[in-house]
Amino acid sequence: MSLAATGPARFPDATGPLRRHWPLLPLAATVLFLLAPLPAGDASASGKVGPADAASLLLALVCAVQALRGRVRTLTPLGVLVLGAPAAGLAVATVTAGDPYAALPGFVRYLQVFVLVPAAVVLLVRDAREFRLAAGCFVVLGLVQGAVGVVQYATHTGASYQGADIRAVGTFGPGDVMGMATVVAYGLIAAAATALAPGRPARIRRIAAGCALVLVVPLVLSFSRGAWIATLGAALLVMVLAGIRRALAVVAALAAVGVVLVGGLGVGSEMVAERLTSITQVSSAPDQSVTDRYTMWAAAESMWRERPVVGVGLKGFPAHRDGHSSLGLSSGSDTAGAGQAFIKQPLLSPHNMYLLVLGEQGLTGLLALAGGWAALLVAGLRRYAADRAARGIRDCGLIALGLLVWQLTDFLYADIGGPSTVLTGVIIGLAAWWALPSPEGAPPGLRAAGRALDGPAAR
């Protein structure tokens, strides 16, 4: 038989997946651009537009274009309410602020993180495969940043902690000591949920379990008490949802890793033990950071009592802080190391997202934001427990619920700020994708585009 008789050779179109999933590229960039290091000594980088923020704006633009073409998911009325209510609350807090022009940057930032990015994620992520791709980006980010942090601890090139430059901060620098701990925890929860999820291939689950165990090390070396507590809470939820047997296996593996690292290798054993003990010393012998935190919490509550409905306005906490604080508040936190000279970083937020929203936006803003988060959590748990049609994608539910619970728990000890803030919007979007499934599935235009790119073999 001649070659001519067989017709032209057909090769798989390598650009097919790229053409099909190209709207996800800005989403992946929003996560992975946080691998870019910040300039040394730039402790104020949290107030600037970074590469990840620029990618998130491109994500919103792509979503708008796809929506005009009819190639986004359909939202239920509840989805419209949950994703749209924060915009109304933010507008009220901006208009009623003492200085609306000073509040405008806060309005833009909150709109980006809590409205535009979550909505874009919900509308653009079309199926479980794309959800898993987005979650995989979190694991990659956590592994790379965690590796940098472990090297910083081993070589004494990290942020200053108790007089030694050993605190793992990744590429975020000492001006954002929570940055690396946050992204490592995201990756750990996503990997652990994948490892515990029923129905996933054994090879994928083994790789995910290995990634989760590896990420425990940089999380410990971050010395971040809030991240530890949030990770523990999220991990417990994921294990309970996955099943008791799987939960016991994970607990045994984590215990073994802890014994080897801390007991056998002595990785920060004394400092970790001291940091853990300090969690319970909030009233008897608190350190200065704990004193500052409780003082700022009281200041935020005082602001709310002064204007309970609308608060003092977005970005109003720094201006009203001293008038509502006791003398126990210090002038700022000391930061140094990781390529940065000593800097006294001002305390510009209460380090509690709920109290920050309550103080600056009042009950109106708190109900719009926290009410939506609570609705996503309840709806997500109900879908995981009752939706039989979603049993094949339960790993997505575990990841979404684990990340959301981590974020909501961490908000008890932290608020938005720093380059990693944009990931908060991505996590809320992934949680909403799971909790608020489209009532009609993919729209006709999107389904037709997918069939055209998949080719005749897919039909």
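**Figure 1. Lining of the largest cavity.** Val82, Leu83, Pro86, Phe114, Ala368, Leu369, Gly372, Trp373, Leu376 and Ile428 line the largest cavity of this predicted model. Two elements, helix H4 (77–95) and helix H14 (353–386), each give two or more residues to this lining. H14 supplies the largest share, five residues. Sorted by class, nine of the lining residues are nonpolar, one is polar and none is charged. The volume of this cavity is about 70 Å³. A search of the whole structure returns two cavities of 30 Å³ or more.

**Figure 2. The chain as a whole, for orientation.** The predicted chain contains 17 helices and four strands. It has 459 residues, of which 49% count as buried. Among contacts with a separation of 6 or more, 78% are between residues 24 or more positions apart. The accessible surface is about 20,500 Å², and carbon and sulfur atoms account for 67% of that area.

**Figure 3. The largest nonpolar core and the surroundings of Phe131.** The largest nonpolar core comprises 75 residues. Leu27, Val121, Phe131, Phe138, Trp406, Leu423 and Leu430 are the members with the most contacts inside this core. Helix H7 (residues 177–196) is the element that gives the most to the core, with 13 residues. A second core, separate from this one, has 37 residues, including Ala97, Met353, Ala379 and Ile428. Ile428 also appears in the lining of the largest cavity. For Phe131, the contacts beyond four places in sequence are Val125, Cys396, Ile399, Ala400, Leu430 and Trp433. One of these, Leu430, is itself listed among the core residues with the most contacts.

**Figure 4. Helix H2 and its cover.** Helix H2 spans residues 25–32, and its buried residues are Pro26, Leu27, Ala29, Thr30 and Val31. Leu27 is also one of the residues with the most contacts inside the largest nonpolar core. The buried residues of H2 are covered by elements that include helix H3 (51–68), helix H5 (100–124), helix H6 (128–155) and helix H16 (422–435).

**Figure 5. Pro350 and His351 in the loop before H14.** Pro350 sits in the loop between strand E4 (340–345) and H14. The relative accessible area of Pro350 is 0%, so this residue counts as buried. Apart from neighbours within four places in sequence, Pro350 contacts Arg293, Met296, Trp297, Ala300, Phe317, Leu355, Leu356 and Asp415. From Pro350 to Pro318 the C-alpha to C-alpha distance is 9.4 Å, with their positions 32 residues apart in sequence. His351 belongs to the loop between E4 and H14 as well. Its relative accessibility of 28% makes His351 partly exposed. The phi angle of His351 is positive, about 60°, although the residue is not a glycine.

**Figure 6. Phe223 in the loop between H8 and H9.** Phe223 lies in the loop that joins helix H8 (202–221) and helix H9 (225–242). This residue, which is not glycine, has a positive phi near 55°. Phe223 has 0% relative accessibility and therefore counts as buried.

**Figure 7. Gly313 between H12 and H13.** Gly313 is placed in the loop between helix H12 (288–306) and helix H13 (317–324). With a relative accessible area of 0%, Gly313 is buried. Residues up to four places away in sequence aside, Gly313 touches Ala93, Ala97 and Glu360. Ala97 is also a member of the second nonpolar core. Gly313 and Glu360 are 47 residues apart along the chain, and their C-alpha atoms are separated by 4.7 Å.

**Figure 8. Gly136 in helix H6.** Gly136 is part of helix H6. Its relative accessible area is 28%, so Gly136 is partly exposed. The C-alpha atoms of Gly136 and Gly187 are 8.0 Å apart in space, while the two residues are 51 residues apart in sequence. Helix H6 is also among the elements that cover the buried residues of H2.

Methods
Residues numbered from 1 in each chain as written. Predicted model: local features only at pLDDT ≥ 70, side-chain atom pairs only at ≥ 80, totals over all residues. Heavy atoms only, no water. 1 Å grid on protein atoms, 1.4 Å probe; cavity = no way out; pocket = protein on both sides within 12 Å on 5 of 7 lines; lining within 4 Å. Points joined across faces, edges and corners; volume = space filled by probe spheres on them. Nonpolar A, V, L, I, M, F, W, Y, C, P; charged D, E, K, R; others polar. Core = buried A, V, L, I, M, F, W, Y, C linked by side-chain atoms within 4.5 Å. Buried < 20%, exposed > 50% of the residue type's maximum accessible area, 1.4 Å probe, protein only. Contact = heavy atoms within 4.5 Å. Areas by Shrake-Rupley, 256 points an atom, 1.4 Å probe, with all protein chains shown as cover.
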